[in-house]
Amino acid sequence: MAEHMQTASIAPKLSKKRKLGKNKKKSWRAIDISKTEEFLEEERFQLRTTGLLRDKTDQELFMVDKNKSSPQESGAKKGVTKALRCYAILNNTSRIQSPRIDDWSTVQRKKKLKPSKDRKRLVVETQAQHQTTHKKEKSPDSSYDLWTAEKEHQEDAFYMEVTKRKRVKPPAKPVQYTMPAVEPPHPGASYNPSYEDHQDLLLKATLVEKNREKEELKIFRALDAKFPSEAPGEASWVKEMSAGLFSDDVENPEGDNSAIPEDERTAVQSKTRAKTKKQKRKAREQKEMKQRLLKDKATKMRENMVYRLNTLRSELRKQAQTHAQRAAVKAKKQEAKRTGTKKLGKLKYSAPEIELKLSEELAGSLRQLRPEGHLLEDRYKNLQKRNIIETRMPAKRTKPKKKMFLKKTFRDA
């Protein structure tokens with residue numbers, strides 16, 4: 001068959017003018033059957049070795065590589081993601097070397113050292129380490145160094161002989177912020193929310209408005225409510241200055257006691273009259289009896305405290321619970337203050353308005369939905385909340401005043 005195909009491939013080509021029937025042998029054309037022969041040869045090879053590949057399953061053809069660490073992964077480690085290019089502006093591009101500071105482990109080791117000898121030894125070691133690092137950092141091509149110049153090269157009397165470098169405090173332990181870059185919206189802000197989620201969002205918005213009204217009312221009471229609506233005039237001044245000058249009470253300049261009631265008159269007389277020995281003795285006995293009764297009452301209360309042990313235990317338990325709750329609330333506030341939004345500039349961070357739709361504004365389809373808020377403003381507020389940029393306010397643009405002047409042509413006319 002191969003010989004027959006070979007003869008067919010070298011058949012002579014007919015001229016365009018000559019027309020023969022296509023079913024004749026002379027009208028055959030040269031056909032390239034090299035790809036067909038390669039395919040058949042490949043199948044024969046498969047049959048001789050492992051069998052046809054098209055008849056095998058995926059488990060026989062492929063295998064899962066369970067080795068996690070590959071030798072080379074295009075020059076990068078596996079699992080390490082490169083930083084986004086949009087955050088490249090936040091990187092430190094300064095070529096000035098930062099002052100040398102101790103790392104966190106060295107600082108903690110200094111705190112644990114109690115004896116003074118060990119502390120002195122550590123200071124000597126750090127000084128020697130600083131000297132060696134400064135010698136290494138010295139550039140070999142510098143002909144004159146300002147900081148390490150010797151006395152013999154000092155020609156100026158006012159040249160700085162020794163320069164003391166202040167010790168830089170190590171930075172505090174870095175704060176781990178837990179605020180996400182993209183906060184999920186409230187379920188009630190959906191275009192088709194459930195009744196409970198929507199009411200919860202409306203309640204939050206109501207509380208925000210009530211707090212705002214309280215602040216406005218507080219400012220009103222402190223400022224506007226303390227001042228009259230109208231400025232004081234002459235009539236109010238005369239009324240204030242004449243207060244107490246004219247009274248309708250009956251005056252008794254002669255000292256007549258007829259206007260004084262009889263009860264008050266007897267009380268005054270009894271105060272002025274001296275007490276007898278009997279009255280003094282009775283007053284003393286009444287005072288002693290009163291003190292004795294108070295002392296007996298205090299003794300009974302102390303004795304009854306023994307029977308109140310269970311009540312006292314419950315009171316102490318409640319007191320300990322309240323102290324624990326207050327400590328938990330205080331710790332929570334401190335943690336929120338440490339990891340929350342800081343005041344980086346003059347202005348304080350203010351939370352954005354809650355994006356919500358009222359009950360009558362809800363739409364059943366996305367076509368009828370009117371969007372709330374702005375995407376760029378939301379991202380800007382999120383950067384402020386995560387302490388990446390400080391809080392800012394738009395600058396007020398004031399138009400310059402127009403200058404009015406008379407033209408020369410108008411003045412001449």
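Q: Does Arg 281 count as buried, partly exposed or exposed, and at what relative accessibility?
A: This is a predicted model, in which local features need pLDDT of at least 70, side-chain atom pairs count only at pLDDT 80 or more, and totals for chains, interfaces and linings use all residues. Residues are numbered from 1 along each chain as its sequence is written, and side-chain values use heavy atoms, with hydrogens and water left out. Buried means under 20% relative accessible area, exposed over 50%, and partly exposed in between (1.4 Å probe, protein chains only). Arg 281 therefore counts as partly exposed, at 37%.

Q: Which residue forms a salt bridge with Arg 281?
A: A salt bridge places a side-chain nitrogen of Lys or Arg within 4 Å of a carboxyl oxygen of Asp or Glu. The partner lies four residues from Arg 281, about one turn of the helix, and both belong to helix H9 (residues 277-304). Helices are DSSP runs (H or I, at least four residues) and strands are runs of E (at least two), numbered from the N terminus. With the closest N and O atoms 3.6 Å apart, the partner is Glu 285.

Q: How many residues apart in sequence are the parts that Lys 357 and Glu 372 tie together?
A: Lys 357 and Glu 372 form a salt bridge, their closest N and O atoms being 3.3 Å apart. Both residues lie in the loop between helix H10 (309-339) and helix H11 (375-385), so the pair ties together parts separated by 15 residues.

Q: Is Lys 357 buried or exposed?
A: Its partner Glu 372 is partly exposed, with a relative accessible area of 40%. Lys 357 has a relative accessibility of 14%. Because this value is under 20%, Lys 357 counts as buried.

Q: What is the area of the nonpolar surface patch that includes Ile 89?
A: Patches consist of residues with over 30% relative accessible area and no salt bridge; like charges are joined within 9 Å, and nonpolar side chains (Val, Leu, Ile, Met, Phe, Trp, Tyr) within 5 Å. Ile 89 is in the loop between helix H3 (58-61) and helix H4 (104-112), and is exposed at 72% relative accessible area. Together with Leu 84, Tyr 87, Leu 90 and Ile 388, Ile 89 makes a patch of about 550 Å².

Q: How many helices does the protein chain have?
A: The protein chain has zero strands. From the N terminus on, its elements run as α throughout. The number of helices is twelve.

Methods: Areas by Shrake-Rupley, 256 points an atom, 1.4 Å probe, with all protein chains shown as cover.
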